[in-house]
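Thanks for making the time this morning. I would like to walk through one protein–DNA model, starting at the DNA and then moving along the chain.

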Number of protein chains: 2
Amino acid sequence: METRELRYFVAVAEELHFGRAAERLGIAQPPLSRAIRALERRLGSPLLERTTRAVALTEAGSVLLTEGRTALDAVDAAERRTRRTAHTGPGVVLVAKAGASQELLTKLLAAYAAEPDAVAVDVELCGPGEQERLLRDGRADVGLLHRPFDSTAGFDTEDLHTEGQSLFLPAGHPLSTRTELRMADIEALPDLPLPRWPAADGTYPDGPGPQVRDTAQLRQLVALGRTAAVLPDSARVDLHDDVTAVALVDAPPVTTLLAWPPQSRSRAVADLVRVAARA
Amino acid sequence: METRELRYFVAVAEELHFGRAAERLGIAQPPLSRAIRALERRLGSPLLERTTRAVALTEAGSVLLTEGRTALDAVDAAERRTRRTAHTGPGVVLVAKAGASQELLTKLLAAYAAEPDAVAVDVELCGPGEQERLLRDGRADVGLLHRPFDSTAGFDTEDLHTEGQSLFLPAGHPLSTRTELRMADIEALPDLPLPRWPAADGTYPDGPGPQVRDTAQLRQLVALGRTAAVLPDSARVDLHDDVTAVALVDAPPVTTLLAWPPQSRSRAVADLVRVAARA
DNA sequence: GTCGATCGATACCGCGGGGGTATGAATGAG
DNA sequence: CTCATTCATACCCCCGCGGTATCGATCGAC
C-alpha cells in the first residue's frame, strides 16, 4: 500500500465527503474517487458505504483509519528525523508542556550539557496533549510528560519524580488560609470555576470556567481572581504573592517522566535518560 | 515520502549493494539507483556513501533505516489488519511462543470464550523473539510474552503472572537429587551445555550446546540427556518421569504478560485483557 | 410530481515519471 | 595493464495519476 493511497483514504474517512477531502488534498474529486475504489478493489472489500447523500465507514474502513493514521505518523517521523539528522547534525528535540516542571527541566538540561559527548537539545514547548503527537510524527525525539494526564501508550518511559497536587488560589481568597484541602472542597467553589483545557482536536468543552492553553496563562488568570487551579506541588516554586497554594491531600499524585519512541533509542536520548534517572 | 521509496531504501541499506537489493526488489539496478538519488535530492542530503567497491550508510541514512523499518511495519500492519477485518470478520490473532505457558493460555482462552460477545481467537505459535515482529507488522493483534526475555517496547501490556525459574535436568542426573540450586551451580555443568536459541535474524550463536527452536524440542533434548534448561516453574506441569526440575533460587523471576499495539485497542483485545487480568 | 441542487461515478485525454536495456566510468585485484 | 565489478547515465516506452466534462442517483422544495 502506498503512502499516497493512505493519505487519500484518511482524508476521506475523516471528512466523510469526497469533495471536501479532495479539496483538502489539493486534487480534484474524480481521481480521489478512483483512488479509493482502486484501494478497495486491491484490499478485496469495501471501506466506505456511499450513497449520494452520505459516506460512512465500514468495519474494515474503521480499522484502516486507525492503523493508517499511526502508519502515516511513522512515515512522517522517518522523514522528519532523517531531515533533522542531515541538516542540523546530531541533536535531540525535547518537548515539554509550556510552564510545567520548569525547575526539573532546567536541572536536567544543565546536567546533560555537562556530559562528555552531549549534543544540542532543542526545547520545544507546546500545549497539553500535543506532546504525544509530536513524538509520534517525529517533530520531537523525547518528551517530558506527566502521568496520569498524558498518555504514554507506545513509548518507552523513565519515571523521574512523583509529587502531590495543590490548589492554587488568588491571594486573599477565603480558602487560602486553610493548611490543607480535599477534592470535595473544590467541588463547592462557585466563585472560582475551574479552567477548561482544550481537547485533542483543539476545541474546548462547555462549562463556566475560562479557557486556558498553558500554565503561564493559567497562573495569570488565578492572580486575576478569575479561576483556581489544581497543579503539582512543584508549581509553587515561582509563586508571587498574588497567588496562594494549599495542599490537596487526596488529589491523585502526579509523576513527571521522560518518554521517547522505542525505536529511536539514539545515543543522545539514551544519555539524556541516564542523566535524568541519576538526578 | 512514498512507501515504495522507503522499501527501496531499506533494501539497499540492508544489502549495502545496489545489485542485490534490486534483485530482492524484483527490479533492475538502474531504476533503483535513480530512485535512491531522487530520494536523497528530496531530503536534501546523502543517505549512502558509495564508491564503486562499497556502499555505506551515512548518519542520516542510519536514522532512515531504523525509522523506515518501523514505518514500513506500520503500513504493513494497517493493510494486514484491514484485510483480516474485511475477510474473516471481527476476530483476534493471539501469538505465543510454542510450548510456553500452555496451562495459562488454555485457561485464558476458555475464560474469554465464555464472555458474552467473544470473537474468534486465532492462536499463532512461533519461535522466541518472533512475537514482537508479528505484533508490529499486523500479523498478530495480541501476544503472550515473557519478561525479561521478550522486549515490550512500544506495546501496551498487562502483567498476568510472575514466577521463579527451575533447572530442568535429565532424570537421574547427579544434580537432580538436590532440593534447590543457584545460578553459580550451572556455570559448572560441563556434561550438559545450555542450549542455543536463535537470534532475531534466525542465526545461532556459537557454542557447545544444541540448537533449539521451541520448548517442546528443548524438553525432548533434556529427556535425551543432551542438555539442561532454565525455564519458568510452570513448565513443571507436564513433566514426564524422564525429566526432573530443581528450583533455581537466585534466577531472575519471569513475568508472563499480554502485549498489544497501543493503537489497536479494539473491543475484542480489551475484553481479552480484562478477562486475563481478572483470572 | 417536477425541478433543481448535491454528490459520487464514469469517460476520456495528456503527460510525468517509473521501469526497462544498453552503455559508460571508476576502482581495485591479479 | 587488463579485466571484473559495480554504480551512474542515456534513452525509450508505457502505465497510471490527475485534469475536465459529464452522467446518474437521490433528496428537498414547492
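Which side chain places an N or O atom 3.0 Å from a base nitrogen of DNA strand D? That side chain belongs to Gln29(B), and I count the pair as a polar contact, meaning two N or O atoms within 3.5 Å, where inside the protein one atom must be able to donate a hydrogen and the other to accept it, and residues adjacent in sequence count only if both atoms are side-chain atoms. Before going on, I should say that this is a predicted model, in which local features need pLDDT of at least 70 and side-chain atom pairs count only at pLDDT 80 or more, whereas totals for chains, interfaces and linings use all residues. Residues are numbered from 1 along each chain as its sequence is written, chains are lettered from A and ligands numbered from 1 in the order in which they are written, and side-chain values use heavy atoms, with hydrogens and water left out.

Staying with polar contacts, the side chain of Arg53(B) has an N or O atom 3.3 Å from a base oxygen of DNA strand D, while for Phe18(B) a backbone N or O atom lies 3.4 Å from a phosphate oxygen of that strand. Two or more residues each are supplied to the surface near the strand by H1 (3–15) and H3 (29–43) of chain A and by H2 (18–25) and H3 (29–43) of chain B; near means a heavy atom within 4 Å, and helices are DSSP runs of H or I with at least four residues, strands runs of E with at least two, numbered from the N terminus. The largest share, four residues, comes from H3(B).

Around DNA strand D there are 22 residues, of which Tyr8(A), Ala28(A), Arg34(A), Thr52(A) and Arg50(B) come nearest. Of the strand's atoms that come within 4 Å of the protein, 67% belong to sugar and phosphate.

Turning to chain A, the assignment, which is automatic or from a database, gives domain 1 (3–80), domain 2 (90–160 + 254–278) and domain 3 (165–248). The C-alpha centres of domain 1 and domain 3 of chain A are 42 Å apart.

Finally, chain A has an open sheet of five strands, ordered S4-S3-S5-S11-S6 with mixed pairing, where pairing requires at least two DSSP bridges. Strands S4 (120–126) and S6 (156–163) of chain A are at the edges with a single partner strand each, so one side of each has no neighbour in the sheet. S3(A), residues 91–97, runs parallel to S4(A) and is joined to it by seven bridges, and Ala96(A) has Leu125(A) as its bridge partner there.
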